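Subject: The structure I promised you

Hi there,

Here is the structure we talked about, with my notes underneath. Open it up and follow along as you read.

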Amino acid sequence: IDAIRLRAWIPREPWELSARERVDRGVESARRGERDCWWQKGGLQSTPIYDYAALGPGHELHGPAVVEAADTTILVEPGWHGRMDEYGFFTMRKEKQ
């Protein structure tokens, strides 16, 4: 046997997303420091590090930035920005030149 693939489907109720609590503090409250990072655009740069759990709805970051979470790390490259929505999704977009 070279490979086995299993696909399963279970009917269930639609998934309901819970909204994150609004925060009264600015995005700087989620900042945990900075470190030197190498970016393809710009080389070695001092880069702010943010805690994903401390970001709230509407918080926006402009690259370069690093967002650290319990299960992943998000890199916001120079020339990009990211925004946290009310459900905790962090959407990134390329900045207009």
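One definition before we start: two residues are in contact here if they have heavy atoms within 4.5 Å of each other. Also keep in mind that this is a predicted model.

Let's begin with His59, which you'll find in the loop between E2 and strand E3 (60-62). What does His59 touch, if we skip residues up to four places away in sequence? The list is Val23, Arg25, Gly26, Val27, Ala54, Gly82, Arg83 and Met84. Is His59 buried or exposed? Buried means under 20% relative accessible area, and His59 has 8%, so it counts as buried.

Now for the strands. Four of them make an open sheet in the order E1-E2-E4-E5, and the pairing is mixed. At the edges are strand E1 (31-39) and strand E5 (73-76), each of which pairs on one side only. On average, neighbouring strands in this sheet are turned by 25° against each other, ignoring direction.

Going through the pairs, E1 and strand E2 (residues 43-51) run antiparallel and are joined by eight bridges. To see this pairing up close, find Trp38, which stands opposite Leu44 in E2. Strand E4 (residues 65-68) and E5 are antiparallel too, with four bridges between them. A hairpin of four residues links E4 to E5, and Ala65 has Val76 in E5 as its bridge partner.

E5 is a nice one to look at side-on. In a regular strand the side chains alternate between the two faces of the sheet. Which residues of E5 point to one face and are buried? Those are Ile74 and Val76, while Thr73 and Leu75 point to the other face and are not buried.

There is also an open sheet of three strands, in the order E3-E6-E7, with antiparallel pairing. E3 and strand E7 (90-94) each have a single partner strand, so each has one side without a neighbour in the sheet. Here the average turn between neighbouring strands is 20°, again ignoring direction. Strand E6 (residues 80-84) pairs with E7 over five bridges, and His81 stands opposite Arg93 in E7.

Next, the core. Nonpolar side chains tend to be buried together in soluble globular proteins. Which residues form the largest nonpolar core here? There are twelve: Val27, Ala30, Tyr50, Ala54, Leu55, Leu61, Ala65, Val67, Ile74, Val76, Met84 and Phe90. E4 and E5 are the elements that give two or more residues to this core.

Ala65 is worth a click, as one of the core residues. Leaving out neighbours within four places in sequence, Ala65 is in contact with Trp39, Thr47, Pro48, Tyr50, Ile74, Leu75 and Val76.

A few last details to look for:

- Pro64 sits in the loop between E3 and E4, and the peptide bond from Gly63 to Pro64 is cis, with omega near 5°.
- Arg20 lies over the face of Tyr52, at 5.3 Å from the ring centre.
- If you go looking for aromatic pairs, the count in this structure is zero.

Have fun clicking around, and write back with any questions.

Cheers

Terms used
Residues numbered from 1 in each chain as written. Predicted model: local features only at pLDDT ≥ 70, side-chain atom pairs only at ≥ 80, totals over all residues. Heavy atoms only, no water. Phe/Tyr/Trp six-rings, centres within 6.5 Å; stacked < 30°, edge-to-face > 60°. Lys NZ or Arg CZ within 6 Å of the ring centre and 35° of its normal. Pairing = 2+ DSSP bridges. Axes fitted to C-alpha atoms, helices over the stretch in contact; angles between N-to-C directions. Buried < 20%, exposed > 50% of the residue type's maximum accessible area, 1.4 Å probe, protein only. Core = buried A, V, L, I, M, F, W, Y, C linked by side-chain atoms within 4.5 Å.
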